[in-house]
Amino acid sequence: MPPIPFNHARQTLDEAMAETFSPDDLPLEKSARYTELKAMIAAVVAGETSLTARYATAVSLLVQAFAPRFFWTGFYVVDPLKPTELVVGPYQGTLGCLRIPFGRGVCGAAAATGQTQLVKDVHAFPGHIACDSRSKSEIVVPVYDASGALAAVLDVDSTELAAFDEEDQAGLETICAILLTA
Ligand code: SME
């Protein structure tokens, strides 16, 4: 049998991925959608050692599952060279700030406290960093590594006020909990 040309093999793999991991098949009900999305992300990243690949996969599937409500979706990772500073990682959306010190803005508050920040109106949040003036509400969830150290925060912004609720918080926290541990 002749070898399968690389492009053909690649296409076949991508087609299989698209079929197996299509967010179109996710349930409409939000908490069920998060539960299946978590399983989908875990399955795609299983065995993957690159943190960039894990973060980028989560961003892609989250945006496909929840756009356009998710206007800006991405990770700010703890800079190993400056452990009290976040640096932008994989994201989808308009241009984001490159660096955020712990304690500044919503992302910095999540990093400093280790707690999810659910912000219904970003303009009412002291020190909010307006990377894109269209953002009106935001949720930021900490991501911990297997040793329990803060590795990153997941930042999701919306152009609608109060776009995120406790179901989003629970769903995103569950996804962030398995991202670097499962
Ligand atoms: N809004 C964030 C800054 C990051 S961007 O919106 C992409 C904050 O205040 O932490």
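How much area does the protein expose, and what share of it do carbon and sulfur atoms supply? In this predicted model, the protein exposes about 9400 Å², and carbon and sulfur atoms supply 59% of that area.

**Overall architecture**

The protein contains five helices and six strands. Read from the N terminus, its elements follow the order α-α-α-β-β-β-α-β-β-β-α. The chain has 182 residues, of which 42% count as buried. When contacts between residues at least 6 apart in sequence are considered, 51% of them join residues at least 24 apart.

**The ligand and its surroundings**

The space that the ligand takes up is the largest cavity. Three elements give two or more residues each to the shell around the ligand: β1 (72-79), α4 (105-113) and β6. Of these, α4 supplies the largest share, with three residues. The residues surrounding the ligand are Trp72, Tyr76, Ile100, Gly105, Val106, Cys107, His128, Ile129, Cys131, Glu138, Asp155 and Asp157.

Polar atoms of the protein also approach the ligand, and the following table sets out three such pairs.

| Residue | Protein atom | Ligand atom | Distance |
|---|---|---|---|
| Valine 106 | backbone N or O | oxygen | 3.0 Å |
| Cysteine 107 | polar backbone atom | oxygen | 2.7 Å |
| Glutamate 138 | side-chain N or O | nitrogen | 3.1 Å |

Valine 106 and cysteine 107 thus each place a backbone atom by an oxygen atom of the ligand, whereas glutamate 138 places a side-chain atom by a nitrogen atom of the ligand. On its own, the ligand has 300 Å² of accessible area, and the protein covers 99% of this.

**Serine 158**

Strand β6, one of the elements that contribute to the shell around the ligand, spans residues 150-158 and includes serine 158. Is serine 158 buried or exposed? Its relative accessibility is 0%, and serine 158 therefore counts as buried, since the term applies to values under 20%.

Which residues are in contact with serine 158, once its neighbours within four places in sequence are left aside? They are Arg69, Phe71, Arg134, Ser135, Lys136, Ser137, Ala163 and Phe164. With one of these residues, arginine 69, there is also a polar contact: the side chain of serine 158 reaches the backbone oxygen of arginine 69 at 3.2 Å.

**Summary**

The ligand occupies the largest cavity, and the protein covers 99% of the accessible area that the ligand has on its own. Strand β6 gives two or more residues to the shell around the ligand, and the buried serine 158 lies in this strand.

Note on methods
Residues are numbered from 1 along each chain as its sequence is written. This is a predicted model: local features need pLDDT of at least 70, side-chain atom pairs count only at pLDDT 80 or more; totals for chains, interfaces and linings use all residues. Side-chain values use heavy atoms; hydrogens and water are left out. Helices (H or I, at least four residues) and strands (E, at least two) are DSSP runs, numbered from the N terminus. Buried means under 20% relative accessible area, exposed over 50%, partly exposed in between (1.4 Å probe, protein chains only). A polar contact is a pair of N or O atoms within 3.5 Å; within protein, one must be able to donate a hydrogen and the other to accept it, and residues adjacent in sequence count only if both atoms are side-chain atoms. Contact means heavy atoms within 4.5 Å. A residue is near a molecule or strand if one of its heavy atoms lies within 4 Å of it. Accessible areas come from the Shrake-Rupley method with a 1.4 Å probe; for residues, only the protein chains shown count as cover. On a 1 Å grid over the protein atoms alone, a cavity is a set of points where a 1.4 Å probe fits but cannot get out, and a pocket is an open set with protein on both sides within 12 Å along at least five of seven lines; lining residues have an atom within 4 Å of a point. A molecule sits in a cavity or pocket if more than half of its atoms lie within 2 Å of its grid points.
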